[in-house]
Amino acid sequence: MGALLTAFNAVLPLFLVIFAGMLFSRTKTASEIWVSVLNNYALKVGLPALVIASLIKIDPASGSYGKLILINSAWFIVCMLLAFPVARLFKLNNNLRSALIMVFSYGNVAYLGIPVLKNSYGEMAVPVAGIISSIYIFWLLTLGMFLIEFNHVNRPNIGKLLLKQSRNPLILSVFIGLSIVVFKIRLPGFISETIGLFAGSVTAVVLFSLGIFLGFHKTGGFKDWGIALVWSVVIMVILPAVFYFVAGKTNLDDLSLKASVLEAAMPLGLTPYAIASQNKIETPLIARIVVTSTLSSIIVIPLWIIILG
């Protein structure tokens, strides 16, 4: 019951923010341009701040994170590559294949995952969650973006892509956060608080943007939402179950194993929605998967917490 209440308390405010965005769009208080502006803020300011705020809580002396990084990196890459045989099996077009690259791999490990892990396993889980979030962001914005471009262009310009991603605020935030930890840089209090303010804003901004987007577009029929629900079950139940079975045989420490599996079972992340919105990659489908998977997480996340112990 406690796990259910924890998940419910974590998820309900998210839907209230989505509903507020839909209300603003339906009443014409907000225009569609808001979606682009809010998503740009999230990708270039809010989420990078959240990554840094999570990483600077890591204590390098508290243990080795090598195995954690290796296992989560391998799983993330496998999930991205899984989009190709699945797309071939179901004869999906290139746009859907690009969407699945993000859908299969990137859960809501930062916005929702960090609070859930903190509530479930205490403050000691926050650095682990920060590392896992950074792993997901790094691979999504490097190999993930390469795969998406490769999916649309026969010969993608690797040099141009690497140069573009090297200036990406999300990638830079990973290196900045890790540099602060590795070189033991002590940030002045006012800087830490400023980063915290930006980090605290991003969840509401992206969810509000999602609500506005849904309000301006057709919500879809039962078939559309049924498809979204099927993909939600795949990413929150089937894939995490496989990961739990495999990772359980790697001698990963108890907290790292629980955190890794629980993060893998998170609903679809908001970053893929922001990326899809900017690049016009099946945005309605991804928006519906975000909604259905987040709603399903009220039940699925507590079940995973009970299973993991």
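**Exercise 1. Are α4 and α10 parallel, antiparallel, perpendicular or oblique to each other?**

Before the solution, a word on the model. The structure is predicted, with local features needing pLDDT of at least 70 and side-chain atom pairs counting only at pLDDT 80 or more, while totals for chains, interfaces and linings use all residues. Residues are numbered from 1 along each chain as its sequence is written, and side-chain values use heavy atoms, with hydrogens and water left out.

*Solution.*

Step 1: find the elements. Helix α4 covers residues 94–105, and α10 covers 222–247. Helices here are DSSP runs (H or I, at least four residues; strands are E, at least two), numbered from the N terminus.

Step 2: take the axes. Those of α4 and α10 come within 9 Å and cross at roughly 40°. Axes are lines fitted to C-alpha atoms, for helices over the stretch in contact, and angles run from 0 to 180 degrees between N-to-C directions.

Step 3: classify the angle. Under 35 degrees counts as roughly parallel, over 145 as roughly antiparallel, 65 to 115 as roughly perpendicular and the rest as oblique. The pair α4 and α10 is therefore oblique.

Step 4: add the hand. This crossing is right-handed. The rule is that a crossing is left-handed if the near helix is turned anticlockwise from the far one by less than a right angle, and right-handed if clockwise.

Step 5: list the partners. Leu100, Val103 and Phe104 of α4 meet Trp231, Val234, Ile235 and Leu239 of α10, where contact means heavy atoms within 4.5 Å. This contact has 7 nonpolar residues, no polar and no charged ones. The classes are Ala, Val, Leu, Ile, Met, Phe, Trp, Tyr, Cys and Pro as nonpolar, Asp, Glu, Lys and Arg as charged, and the others, Gly among them, as polar.

**Exercise 2. Describe how α11 sits against α5 and α13, and how covered α11 is.**

*Solution.*

Step 1: start with α5. Helix α5 (residues 113–121) and helix α11 (residues 254–264) have axes that come within 10 Å and cross at roughly 140°. The two are therefore oblique to each other, and their crossing is right-handed.

Step 2: look at that contact. From α5, Gly113, Val116, Leu117 and Tyr121 meet Leu255, Lys258, Ala259, Leu262 and Glu263 of α11. These residues divide into 6 nonpolar, 1 polar and 2 charged.

Step 3: turn to α13, which spans residues 283–308. Its axis and that of α11 come within 10 Å and cross at roughly 160°. That makes α11 roughly antiparallel to α13. The crossing of this pair is right-handed too.

Step 4: look at the second contact. Lys258, Val261 and Leu262 of α11 meet Ile301, Trp304, Ile305 and Leu308 of α13. By class there are 6 nonpolar residues, no polar and 1 charged.

Step 5: check the burial. In α11, 10 of the 11 residues are buried, so this helix is largely enclosed by the rest of the structure. Buried means under 20% relative accessible area, exposed over 50%, and partly exposed in between (1.4 Å probe, protein chains only). Among the buried residues are Lys258 and Glu263.

**Exercise 3. Work out the surroundings of Thr250, in the loop between α10 and α11.**

*Solution.*

Step 1: accessibility. At 25%, Thr250 counts as partly exposed.

Step 2: neighbours. Leaving aside residues up to four places away in sequence, Thr250 touches Lys67 and Ile71.

Step 3: a distance. Thr250 and Leu207 are 43 residues apart along the chain, and their C-alpha atoms are separated by 36 Å.

**Exercise 4. Follow the chain from α12 to the start of α13, and compare Gln278 with Thr283.**

*Solution.*

Step 1: α12 (residues 270–279) is mostly covered, with 8 of its 10 residues buried. Tyr273, Ala276 and Ser277 are among the buried ones.

Step 2: Gln278 belongs to α12 and, at 38% relative accessibility, counts as partly exposed. Setting aside residues up to four places away in sequence, Gln278 touches Asn40 and Leu43.

Step 3: just after α12, Lys280 takes a positive phi of about 55°.

Step 4: Thr283 lies in α13 and counts as buried at 8% relative accessibility. Beyond residues up to four places away in sequence, Thr283 touches Phe213, Tyr273, Ala276 and Ser277.

Step 5: a polar atom of the Thr283 side chain lies 3.1 Å from the backbone oxygen of Ala276.

Note on methods. Polar contact = N/O pair within 3.5 Å; in protein donor to acceptor, adjacent residues only side chain to side chain.
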